[in-house]
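User: I keep seeing labels in structure descriptions and never know where they come from. Can you take me through some, with the reasons behind them?

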Amino acid sequence: MEKKEIIKIFLERGTQLDKKSLDFFSTDENRVQEFLDKAKGLELPPILSLDFVRKVLAERKVRINIIKTFQKRREEVSVSDISSVLNKRYEKISSLLGRRLELVNLISINKIGPRTRKFSIIGMVREKDEYEKSLTLEDKTGEIKVFLEDELLLSKIVEDEIVGAICSKKEDSFFVEKIIFPDIPLKKEIAKSKEEVKCLFISDLHLEKEFKREYLENLYNFLERNRLDLIFVLGGISPRTKDVKDFFSSLPKTQKIFIKGKNDANPDIDVLKLEEFAFLEAKNVNFLLLHGKLVEKYLKIFDNPVNTLLELLRKRHLNPTFDVRLCSSDETLLIDPVPDIIACGHFHTPGYTNYKGTTILSTGSFLTQPIYWIINLKNREILKLDLREKL
């Protein structure tokens with residue numbers, strides 16, 4: 001839509017646009033009708049300022065439902081607590097594995113006898129020996145050592161995770177033919193919203209350190225000119241209270257969700273603040289949002305942030321190697337429900353992929369590559385926001 005058409009539309013409604021308002025509407029013509037719909041019944045001023053336009057448009061609220069978030073760790077954890085957590089984890093993930101059709105002739109470990117030749121089991125990885133290429137799998141009835149000759153696959157398996165194994169007997173030893181992870185179902189439809197809902201995922205500005213000020217200026221300039229409905233800030237802003245306050249106060253009056261990193265200051269600001277990670281739902285789309293510190297140790301195994309998140313999604317757990325320090329929050333670490341979007345900060349490495357209907361994002365940083373992502377929930381299109389470029 002050309003500017004003269006926009007001017008005509010507003011003149012017909014008895015008002016004019018100042019230069020900033022006209023520029024704003026010309027960058028996103030969909031906002032014209034949205035503004036007019038929201039302004040019905042309002043007495044419009046003779047000249048519309050950008051502040052007035054934003055105020056009218058800001059009335060739109062997206063309902064955010066918190067499904068689950070990080071639970072604070074208990075200081076004391078007993079042996080019975082650990083046993084209870086591991087049993088609940090085993091029951092949940094084994095139930096997911098039990099639906100996998102590949103696990104034919106599924107039996108418990110104590111049913112494996114001298115004549116058993118080919119079978120499937122579900123077990124927790126109690127021990128992994130990369131030298132002899134073996135796994136010790138354990139279920140509620142016993143344990144068994146199996147050999148896995150695929151070194152690459154063996155390297156991706158971590159202790160304490162729960163897997164399915166299709167096995168066969170050769171002489172007096174059991175060999176794994178295939179490992180089955182809990183994984184996620186192949187979705188028939190990609191979850192979308194009925195109307196346009198644009199989400200920005202940003203993190204790791206590290207305002208306490210040296211960075212190019214133009215990145216911040218480019219960000220504010222972009223936000224001034226473009227409509228966003230949700231801004232997800234995935235931590236790494238600053239340990240200084242003033243930095244965090246100034247940053248959020250400089251953002252437009254858009255809904256903001258702040259996943260605090262461990263070192264972020266915690267000032268009193270009018271945003272939804274959550275720690276470490278959260279499962280949320282908005283407009284029929286499920287989000288898993290992480291700062292990223294929690295999954296850092298898996299980066300050494302899976303090479304890059306996006307692949308790390310993908311492999312943890314397949315394992316259906318954010319921390320499959322049991323950590324007694326996270327014992328009290330283990331149930332929330334299960335990746336359930338299946339997220340439609342996973343977004344993570346902390347690693348300073350931008351990237352994305354799509355896996356069985358789930359979009360996986362890793363954000364950049366002001367210290368490395370200031371590349372961030374925007375997703376329109378209506379069509380699930382991913383747009384790159386590169387703050388090295390003037391916007």
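Analyst: Here is a run through the labels, one question at a time. This is a predicted model, where local features need pLDDT of at least 70, side-chain atom pairs count only at pLDDT 80 or more, and totals for chains, interfaces and linings use all residues. Residues are numbered from 1 along each chain as its sequence is written, and side-chain values use heavy atoms, with hydrogens and water left out.

User: What makes something a helix or a strand here, and how many of each are in the chain?

Analyst: Both are DSSP runs numbered from the N terminus: H or I over at least four residues for a helix, E over at least two for a strand. The chain has 11 helices and 19 strands.

User: Why are H1 and H3 called roughly parallel?

Analyst: Two packed helices are described by the angle between their axes and the distance between the axes. Axes are lines fitted to C-alpha atoms, for helices over the stretch in contact, and angles run from 0 to 180 degrees between N-to-C directions. Under 35 degrees counts as roughly parallel, over 145 as roughly antiparallel, 65 to 115 as roughly perpendicular, and the rest as oblique. Helix H1 (residues 3-12) and helix H3 (residues 30-38) pack at about 10 degrees, with axes 11 Å apart, so the pair counts as roughly parallel.

User: Which residues make that contact, and what are their classes?

Analyst: Contact means heavy atoms within 4.5 Å. H1 brings Ile 6, Ile 9 and Phe 10, while H3 brings Val 32, Phe 35 and Leu 36. For classes, Ala, Val, Leu, Ile, Met, Phe, Trp, Tyr, Cys and Pro are nonpolar, Asp, Glu, Lys and Arg are charged, and the others, Gly among them, are polar. That gives six nonpolar, no polar and no charged residues.

User: And why are H2 and H4 called oblique?

Analyst: Helix H2 (residues 19-27) and helix H4 (residues 50-57) pack at about 45 degrees, with axes 8 Å apart. That angle belongs to "the rest", so the two are oblique. In this contact Lys 20, Ser 21, Phe 24 and Phe 25 of H2 meet Leu 50, Val 53, Arg 54 and Leu 57 of H4. The tally is five nonpolar, one polar and two charged residues.

User: What makes S12 and S19 edge strands?

Analyst: Two strands pair if DSSP finds at least two bridges between them. The open sheet of six strands runs in the order S12-S11-S10-S9-S18-S19, with mixed pairing. Strands S12 (272-275) and S19 (381-386) each have a single partner strand, so one side of each has no neighbour in the sheet.

User: How do you know that S9 and S10 pair?

Analyst: Strand S9 (residues 198-202) and strand S10 (residues 230-233) are joined by four bridges and run parallel. Set against the minimum of at least two, that is a pair. One bridge partnership is Phe 201 with Phe 232 of S10.

User: What about S13 and S14, parallel or antiparallel?

Analyst: Strand S13 (residues 277-282) and strand S14 (residues 285-290) are antiparallel, with six bridges. Phe 277 has Leu 290 of S14 as its bridge partner. Both strands belong to another listed sheet, an open one of six strands in the order S3-S13-S14-S15-S17-S16.

User: Why is Asp 303 called exposed, and Asn 105 partly exposed?

Analyst: Buried means under 20% relative accessible area, exposed over 50%, and partly exposed in between (1.4 Å probe, protein chains only). Asp 303 has 65%, so it is exposed; Asn 105 has 46%, so it is partly exposed. Glu 102, at 29%, is partly exposed too. By the buried cut-off, 52% of the 391 residues of the chain count as buried.

User: What makes the backbone of those two worth a look?

Analyst: Most residues other than glycine have a negative phi, and most peptide bonds are trans. Asn 105 has a positive phi of about 55 degrees, and Asp 303 has one of about 80 degrees. Neither is a glycine. The peptide bond from Asp 336 to Pro 337 is cis, with omega near 10 degrees. Pro 337 sits in the loop between helix H11 (330-333) and strand S15 (341-344).
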